[in-house]
Amino acid sequence: MRKAMVAAGTAFLVGVAGPAWACGGLIAPNGAVGLVKTATLAAYADGVEHYVTQFEFAGAGGEFGSIVPLPGVPDRVVKGGEWTLERLAIEVQPVVEFAAAGDAAASPASRDVEVLEEKRIGALDITILRGGGRAVGDWARENGFDLTPDAPEVLEFYATRSPVFMAAKFDATEAARRGLDRGEGTSIHLAIPTDDPWVPLRILALGQTGDAVVEADVFLLTERQPELLPGPAGSGAWVERDGLTLARDEQASSSLLTDLAGDRGMGWLPTEGMWLSYLQLNEEADELRYDLAIDVAGGVPSAVDAGFLGGIEERTSPPWLVAVLVGGLGLGLLLAAATQRQTRAAA
Amino acid sequence: MTRARWVLAAALVAAAGACGGDGIRTVEIGIRHSRFTPSELAVGTGETVRFVLRNDDPIHHEFILGDAEVQQIHEVGEEPHHARPGEVSVPAGETAVTTYRFGEPGALLFGCHLPGHWSYGMRGTVRIG
């Protein structure tokens, strides 16, 4: 599946946006700095996944941070574009004035953490880390991140699949010194060579529990209509989530693609022949225990990438495989029970 | 909780615990993913137990043993250190020990009151008697 996906030259673009824009778990130890929104884009073409993340803030003084699980090690971390996130939001939340504008691997158990890259972009200190969940958690704590009680489990959840994370620490004092004001943000663009792109969703619920609702908008741009796991309600996928709604499912407009490709660092994006999917996430925190696996090569999205199965040995687990495994386990238990009964009868 | 489950809990504690020469039983409690294991214990009336708490998480925790009133005090308080029997801080990746003598039959609670930890479910129960 991986090679087929790359060979097809398929690209996808993912955005997390909306009223609770977020790309990673927010770690805000105090109320001095309020997160207005964070947003993330992920883009995939020719084996490279591009993330564009933007933070906006309110308040002054102090620091806060965010941790974003990544599908691989980025080979480029630079300042992101200017309007990509906003343009996508406009595309799916059309307003009157725009109506005429267009046609619509490290060991997860490892106790060591490897700092792969450190970079200052605007008021953000960006660190790319590779390590197990506990090691990354240790690093985060030692570097001033105040982790929430669910963080150990969530970090391990991701580290078993891809032990690469981006930690972003926002320095509000530095932002004030630079004259940044509320509503202004700094965007980050990461280029990540990988054969297995996926969209982190569970991390959005970090620090939230119970029936607190996590809302996000997810944009996909692919060369063909993608298969998703979990699928949105009514999609017919072998796992569906009522908390996912497919609000748009159509050929991307040339105006959208042209606008996006014209932004800084977005020249890789094809300007025609792309499929636009727009999903709205509206899930209770306790229910958001999955990510979004995507297949655009005619295969089956990976249950591992979706977070339904642990480990990294088998990335694609179609329903028949799960059925065989579950059936095999049940058969084994039945056989064991039958053997025990026969042994007792013989005795 | 049924009597059978309490008996099972007591058996688990007995299996995990060990009495030293001082007659004090040692009970090991693991902390992982902001949960105590085991979270249900049974002790005898008047028994003294040495709790050994091993924190495998990358975040700090604490162990506070007491009745509901004690738990409430700690939930709203900001006590940075714990010096009373049955109360101890457990730094990330470390092990801490506290010893407690149980009194009359009944039940006590234990838990972590760092912000958000109790409501996350980081708590347990000790049955006495």
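Select B:Leu108 first, and across from it you will find B:Val126, which belongs to E10(B); helices (H or I, at least four residues) and strands (E, at least two) are DSSP runs, numbered from the N terminus. Widen the selection to strand E9 (residues 106–111) and strand E10 (residues 123–128) of chain B, which run antiparallel and are joined by six bridges.

This is a predicted model, in which local features need pLDDT of at least 70 and side-chain atom pairs count only at pLDDT 80 or more, while totals for chains, interfaces and linings use all residues. Residues are numbered from 1 along each chain as its sequence is written, and chains are lettered from A and ligands numbered from 1 in the order in which they are written.

Next, show the whole open sheet of chain B, where five strands follow the order E4-E10-E9-E6-E7 with mixed pairing (two strands pair if DSSP finds at least two bridges between them). At its edges are strand E4 (40–43) and strand E7 (87–90) of chain B, each pairing on one side only.

Now add helix H2 (residues 68–76) of chain B, which lies across strand E6 (61–66) and E9 of chain B and runs at about 145° to E6(B); axes are lines fitted to C-alpha atoms, for helices over the stretch in contact, and angles run from 0 to 180 degrees between N-to-C directions.

Move on to strand E5 (residues 48–55) of chain B and display its side chains: B:Val49, B:Phe51, B:Leu53 and B:Asn55 point to one face and are buried, whereas B:Thr48, B:Arg50, B:Val52 and B:Arg54 point to the other and are not. A residue is buried if 20 or more other C-beta atoms, placed from the backbone, lie within 10 Å of its own. Strand E2 (residues 25–32) of chain B pairs with E5(B) in the parallel sense over seven bridges, and there B:Val27 stands opposite B:Phe51. Strand E8 (residues 95–101) of chain B pairs with E5(B) in the antiparallel sense, also over seven bridges, with B:Val52 opposite B:Val97.

Turn to the boundary between the chains, where twelve residues of chain A are in contact with twelve residues of chain B (in contact means that their C-beta atoms, placed from the backbone, lie within 7 Å). Helix H3 (133–142) and helix H4 (151–159) of chain A each supply at least two residues of the side of chain A that touches chain B. Eight of the nine residues of H4(A) are buried, including A:Phe157 and A:Tyr158.

Finally, select residues 312–347 of chain A, over which pLDDT (the predictor's confidence in each residue, from 0 to 100) stays under 50. Where pLDDT is low, the predicted coordinates should not be read in detail.

Notes
Contact = placed C-beta atoms within 7 Å. Buried ≥ 20, exposed ≤ 12 C-beta atoms within 10 Å, placed from the backbone.
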